[in-house]
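Colleague: I am new to this structure and would like a close look at a single part of it. Please pick a loop, say what surrounds it, and then set it against the rest of the chain.

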Amino acid sequence: MKIDFTGKRVLVAGVADDVGFGFAIAKQFAEAGAKVCIAGWPPALGIFETVLRRGKLDESRKMSDGSLLEFERIYPLDASFDTLDQAPAAIKENKRYAERGDFSIQGLVDRMVADFGPSPVDVVIHSLANGPEVAKPLLDTTREGYLAALSASSYSFVSMVRRFAPLMKPGSSFLSLTYLASERVIPRYGGGMSSAKAALEADTRYLAFEAGRRFGVRVNTISAGPYASRAANVTGAIAAIVNFYESNSPIPAMLTPENVAHSSVFLSSPFASAITGTTLYVDNGFHAMGKALGEGDLDWVLKAGDVPRVG
Ligand SMILES: NC(=O)c1ccc[n+]([C@@H]2O[C@H](COP(=O)([O-])OP(=O)(O)OC[C@H]3O[C@@H](n4cnc5c(N)ncnc54)[C@H](O)[C@@H]3O)[C@@H](O)[C@H]2O)c1
């Protein structure tokens with residue numbers, strides 16, 4: 001049994017460096033034979049395209065057969081806007097946006113249809129989030145900051161499913177990335193980002209039902225363990241969170257982007273054809289724990305018990 005995406009096209013929205021989950025997901029889909037398009041946030045996209053062109057990402061692009069990961073297209077996307085007319089003049093005139101054409105979600109859909117025809121994509125991955133006030137406690141978050149976090153990080157997924165699903169064949173798949181802060185308190189995950197992730201998970205269930213019945217597509221989200229990506233570094237607390245996580249998880253290992261990428265490919269594949277509306281934890285089991293390991297806890301579990309051994 002082999003996961004084979006030959007002849008399929010995948011869109012990964014939220015790639016602007018080779019460190020985050022999006023890049024690793026794009027690469028694993030390419031390993032599985034898919035054609036891969038990516039979409040990146042205009043303020044970060046210019047630098048990404050430059051380092052890509054200069055060969056600075058070649059090491060990360062190296063695939064298992066020695067070839068380099070290729071992106072079929074790189075699109076600009078600001079997921080805070082459904083259509084270009086929603087973007088304020090200051091954004092449209094900003095030098096990082098001005099030359100990009102239509103960077104809205106509808107603009108992305110239209111470009112893909114123009115490039116690849118009426119059913120341009122088989123898998124859509126939403127690997128993006130933004131909370132302008134993420135460094136503030138929820139208690140100190142403004143209405144504006146809170147709504148901006150939900151707009152960029154949650155409604156963007158609704159909008160993508162709403163606009164792409166009618167173009168996709170039954171059995172196609174949508175996937176987003178969420179975090180445990182939606183259901184447990186993770187101090188320093190502020191600015192309404194915890195609310196945005198809670199919305200994303202609830203929306204996954206509703207979209208799975210509605211888009212499942214209307215278009216026959218699947219919708220899931222992966223709750224990834226903590227990882228020091230560029231976005232996570234903005235919280236200022238990721239190193240401590242990662243250390244705590246590693247020392248208290250059932251599998252005491254750092255989460256890698258490849259862990260998340262492998263599960264993303266599986267969840268988008270026909271092997272997961274009956275899985276939809278799910279939040280899948282890809283976190284070395286951390287979510288299952290209810291207490292930090294304390295003095296003697298590991299000795300207690302590791303010592304040979306009185307269970308009879310075979311042989
Ligand atoms: N790193 C973690 O610890 C962790 C854990 C669980 C879930 N996640 C989630 O994984 C996803 C990917 O994040 P990551 O940690 O790989 O970081 P990342 O920085 O690689 O990815 C976030 C991406 O979102 C883009 N972005 C920001 N605002 C945008 C907008 N308005 N429109 C379009 N793109 C925008 C950024 O440019 C960036 O490419 C996010 O949804 C994040 O919340 C991360």
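Modeller: What follows starts with the loop around S249 and its contacts, and then moves outward to other places and to the whole chain.

This is a predicted model, in which local features need pLDDT of at least 70 and side-chain atom pairs count only at pLDDT 80 or more, while totals for chains, interfaces and linings use all residues. Residues are numbered from 1 along each chain as its sequence is written, and side-chain values use heavy atoms, with hydrogens and water left out.

S249 lies in the loop between α10 and α11, the latter being residues 257-268. Helices (H or I, at least four residues) and strands (E, at least two) are DSSP runs, numbered from the N terminus. S249 is buried, with a relative accessible area of 7%. Buried here means under 20% relative accessible area, exposed means over 50%, and partly exposed is in between, with a 1.4 Å probe and protein chains only. Leaving aside neighbours within four places in sequence, S249 is in contact with D283, N284 and F286; contact means heavy atoms within 4.5 Å. G285 is 36 residues from S249 in sequence, and the two are 5.8 Å apart in space, C-alpha to C-alpha.

Two of these contact partners can be taken in turn. N284 is found in the loop between β7 and α12. The phi of N284 is near 55°, a positive value in a residue other than glycine. Most residues other than glycine have a negative phi. At 18% relative accessibility, N284 counts as buried.

The other partner is F286, which brings in the aromatic rings. By the rule used here, the count comes to nine aromatic pairs. Rings of Phe, Tyr and Trp (its six-membered ring) pair if their centres lie within 6.5 Å; planes under 30 degrees apart count as stacked, over 60 as edge-to-face and the rest as tilted. The rings of F244 and F286 have their centres 6.1 Å apart and their planes at 75°, so this pair is edge-to-face. The pair links distant parts of the chain: F244 is in helix α10 (residues 238-248), and F286 is in the loop between β7 (279-282) and α12 (297-302), 42 residues away. F286 is buried, at a relative accessible area of 16%, whereas F244 is partly exposed, at 40%.

Other aromatic residues can be listed beside this pair. The rings of Y97 and F103 have their centres 4.8 Å apart and their planes at 70°, so that pair is edge-to-face. Both Y97 and F103 are buried. One aromatic cluster is formed by F23, F48 and F71.

R188 also has a positive phi, of about 85°, although it is not a glycine. R188 is placed in the loop between β5 (173-178) and α8 (193-215). At 53% relative accessibility, R188 counts as exposed.

A strand and a helix supply two further buried positions. A13 is in strand β1 (residues 9-13) and is buried, with a relative accessible area of 0%. Not counting residues up to four places away in sequence, A13 touches A39, L77, I125, H126, S127, L128 and M160. S154 is found in helix α7 (residues 143-164) and counts as buried at 2% relative accessibility. With residues up to four places away again left out, S154 touches A149, A196, A199, L200 and D203.

Now the whole chain. Its secondary structure comes to 12 helices and seven strands. For 311 residues, a compact globule would have a radius of gyration near 19 Å, and the protein chain has 20 Å, which agrees. This radius is taken over C-alpha atoms, and the globule rule is 2.2 Å times the number of residues to the power 0.38. The C-alpha atoms fill a box of roughly 65 × 50 × 45 Å, taken along the principal axes. Buried residues make up 48% of the 311 residues. Among contacts with a separation of 6 or more, 76% are between residues 24 or more positions apart.
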